[in-house]
Amino acid sequence: MQSAQKLDIAVIGAGWYGCHIALELKKEGHRVVIFEKQPDILQGISGTFGIRLHKGPHYPRSKPTREACQEVFEKFCHTYPDLVVTHEHSTYGLGEKDALGYASKVTPEVFHEVCFESPDCRTLDVKQLGFAGLISAYDLNEPSIVVGDRLRSALDKRLHEASVDIRLGCDVTGITQSDSKQQVSVDGVLHTFDLVVNATAYHSLIPPDILTLLPVDIEVTYQACIGLVYEDLTPQDVPFSFIVMDGWFPCIMPAVSTHERPHRDYLIIHGAYTVMGSCDSLPEAEDLLGRLDDSVIGTKVRSHIEHELERFWPGYTGRFAYKGWKGTTLPKLKTRAEFRSSLTFEKDGIIYIFPGKVNNVFNAAQETLTLVDHIAKQRMGDLPLAQNSTSAVHACNGVRYTADGAFSTASQELAEKPGAGEQSTSNLQSLYMMDPGFRMGGKL
């Protein structure tokens, strides 16, 4: 796609989404500046937890999420081969009972069909592999993505080679519109751009009324999340992953942050025990995360995680040694089917990215390019202001979104919310569940 004109575009946020979108905009000839408030790129969830390159089975109840991930899987591998880590095996198991005694949210037949959406899927013999508590298991050859310094170094090199202007340690405090330009306030200094891409992981500079203008009624929760880091005491040259579905189950992924072999570090999360709390606002989630410490994790979380892993993988605790924990905050959409793809939309010259999985940086970038081209053509007078249903870009209450994006293709799933008391990750309050005396906003 070649845009009608070349624009000055600010990208706010240098996570996976911000970096990739900046590279794609630069390919189109736009002049791009990234503003990142941290001293380096990929300091948030992208550089810590954005590990799995999804093929789909992690979201067996959300077909739009699976399709969005599958659509760009090969493209991701082709574009970033140096950042993709092949596994010896990538096991997806269907658990009999989760940590709270619930059966899996999907039937064995449905999970089998979902796994075999990947042509290279193969059925595993659960007993032969030494696993327990599983109805069935499959190997999907699903890789992971490097994190930490190795990821930062690789993307920093790409950004510099593409001549993307990266400005670190710059806090964007506001955006105002003047005619058709955007005035971006950075540490008290105004910078003028044609367009802005807000890639802050939906953390900042979000208009308070924006959700009421969207074409679909969506609800957002902010979660304080942690992951436990373990060292494999008998590491292999090629790492593995082990994921139990679908409910409050454990997940083990390699955390590859260097070129050293064998790979030793693994990040472990759990459906019931690593989302510490679901909050109505980001400050609440940040406050909760800031009150966690080694003592809390050690006494309230770690034993649950290790018990759960030993339940499905007898002998796990003898092979792995605990090293520590990592924490972050992230926004999550409240949907019954656990929709986890990205959302991209534009209002008043600002393109907002609600992040999904790492795969979805390609979906978000393509939608961003479509919106940028559309805006450029409108400003040149090549497009009418009114849009019809056959247009590549639709409009609702001044918000524009693409015809092939999630607002158009997954509106029904986005609109369906979990019921009161329904088992949903968007409602998790793990710390309260483990410690009923814990009170949000109170002491740990």
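Me: What does it take for a residue to count as buried?

Reply: A residue is called buried when its relative accessible area is under 20%. In this predicted model, 56% of the 444 residues of the protein count as buried.

Me: How many helices and strands are there in the protein, and what is its radius of gyration?

Reply: The protein holds 13 helices and 22 strands. Its radius of gyration is 22 Å, close to the 22 Å that the globule rule gives for 444 residues, so the protein is as compact as a globular protein of that length. Along its principal axes, the C-alpha trace spans about 65 × 45 × 45 Å.

Me: How should I read contacts with respect to the sequence?

Reply: One may ask how far apart in sequence the two partners stand. Among contacts between residues at least 6 apart in sequence, 75% join residues at least 24 apart.

Me: Where do nonpolar side chains tend to be in soluble globular proteins?

Reply: In such proteins, nonpolar side chains tend to be buried together. Here, the largest nonpolar core has 49 residues, and those touching the most other members are Trp16, Leu25, Phe76, Leu83, Leu155 and Leu159. Helix α10, residues 361-379, supplies the largest share of this core, with nine residues. Another core lies apart from it and has 38 residues, among them Leu124, Phe131, Leu292 and Ile305.

Me: Which residues does Leu155 touch, if those up to four places away in sequence are not counted?

Reply: With those left out, Leu155 touches Trp16, Cys19, Ile41, Leu42, Tyr80 and Leu83.

Me: Trp16 begins helix α1. Is α1 largely enclosed or largely exposed, and why?

Reply: One counts its buried residues. Ten of the twelve residues of α1 are buried, so this helix is largely enclosed by the rest of the structure. The buried residues of α1 include Trp16, Cys19, His20, Glu24 and Leu25.

Me: What distance does α1 reach from its first C-alpha to its last?

Reply: Helix α1, residues 16-27, reaches 17 Å, which is close to the 16 Å expected at 1.5 Å a residue. Just after α1, Gly29 takes a positive phi of about 95°.

Me: Which residues does UniProt list for a domain?

Reply: An unreviewed UniProt entry lists residues 8-328 as "domain: FAD dependent oxidoreductase". In the model, that span is 28% helix and 31% strand, and its end C-alpha atoms lie 32 Å apart.

Me: What, finally, is the accessible surface of the protein?

Reply: The accessible surface comes to about 18,300 Å², and 49% of that area belongs to carbon and sulfur atoms.

Notes:
Residues are numbered from 1 along each chain as its sequence is written. This is a predicted model: local features need pLDDT of at least 70, side-chain atom pairs count only at pLDDT 80 or more; totals for chains, interfaces and linings use all residues. Side-chain values use heavy atoms; hydrogens and water are left out. A nonpolar core is a set of buried Ala, Val, Leu, Ile, Met, Phe, Trp, Tyr and Cys residues joined through side-chain atoms within 4.5 Å. Buried means under 20% relative accessible area, exposed over 50%, partly exposed in between (1.4 Å probe, protein chains only). Helices (H or I, at least four residues) and strands (E, at least two) are DSSP runs, numbered from the N terminus. Contact means heavy atoms within 4.5 Å. The expected span of a helix is 1.5 Å times one less than its number of residues. The radius of gyration is taken over C-alpha atoms; the globule rule is 2.2 Å times the number of residues to the power 0.38. Accessible areas come from the Shrake-Rupley method with a 1.4 Å probe; for residues, only the protein chains shown count as cover. UniProt positions are given in the numbering used here, feature names are shortened, and annotations may be inferred rather than shown by experiment.
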